[in-house]
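Reader: I am new to reading protein structures. Could you walk me through this one, step by step?

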Amino acid sequence: MSRARLIFIVFYLTTLLIAAAGLRISASRLFYKFNKAVVTQNRLRQTLWQKQLELQNLTNPHAVSERME
């Protein structure tokens, strides 16, 4: 095997490993962003659920009649 071919193979493998590391880092960042969005969505859903319960508590007939008296 010639020296030039060996150098080419080493550079090729090095480039391949660097690209693989870059893809893993990119995938990790996307996974983190996705999980952060899911957590934010769940918190907003819980807040909305609590607000809906508060609204139902204010608008049910018993609560309205108590406020009227």
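**A first look**

Reader: What share of the 69 residues of the protein count as buried?
Author: Happy to help, and please keep in mind that this is a predicted model. A residue is called buried when its relative accessible area is under 20%. Of the 69 residues here, the share that counts as buried is 1%.

Reader: How many helices and strands does the protein have?
Author: One of the helices is H1, which covers residues 3–59. Altogether, the secondary structure comes to 0 strands and 2 helices.

Reader: Which residues form the aromatic pair?
Author: A search of the whole structure finds 1 such pair. Its rings are 6.3 Å apart, centre to centre, with 25 degrees between the planes, and it counts as stacked because planes under 30 degrees apart get that label. Both partners lie in helix H1, 4 residues apart, or about one turn of the helix. They are phenylalanine 8 and tyrosine 12.

Reader: Is phenylalanine 8 buried or exposed?
Author: Phenylalanine 8 is one of the residues making a nonpolar surface patch of about 860 Å², along with others including Leu6, Ile9 and Tyr12. Its relative accessible area is 56%. The cut-off for this class is over 50%, so phenylalanine 8 is exposed.

Reader: Which residue has a side chain joined to that of asparagine 42 by a polar contact?
Author: Asparagine 42 is found in helix H1. With 39% relative accessibility, asparagine 42 counts as partly exposed. The polar contact spans 3.2 Å, and the partner of asparagine 42 is arginine 45.

Reader: How much of the area that the protein exposes do carbon and sulfur atoms supply?
Author: The protein exposes about 6,900 Å². Of that area, carbon and sulfur atoms supply 66%.

Conventions
Residues are numbered from 1 along each chain as its sequence is written. This is a predicted model: local features need pLDDT of at least 70, side-chain atom pairs count only at pLDDT 80 or more; totals for chains, interfaces and linings use all residues. Side-chain values use heavy atoms; hydrogens and water are left out. Patches are made of residues with over 30% relative accessible area and no salt bridge: like charges are joined within 9 Å, nonpolar side chains (Val, Leu, Ile, Met, Phe, Trp, Tyr) within 5 Å. Accessible areas come from the Shrake-Rupley method with a 1.4 Å probe; for residues, only the protein chains shown count as cover. A salt bridge is a side-chain nitrogen of Lys or Arg within 4 Å of a carboxyl oxygen of Asp or Glu. Buried means under 20% relative accessible area, exposed over 50%, partly exposed in between (1.4 Å probe, protein chains only). Rings of Phe, Tyr and Trp (its six-membered ring) pair if their centres lie within 6.5 Å; planes under 30 degrees apart count as stacked, over 60 as edge-to-face and the rest as tilted. A polar contact is a pair of N or O atoms within 3.5 Å; within protein, one must be able to donate a hydrogen and the other to accept it, and residues adjacent in sequence count only if both atoms are side-chain atoms.
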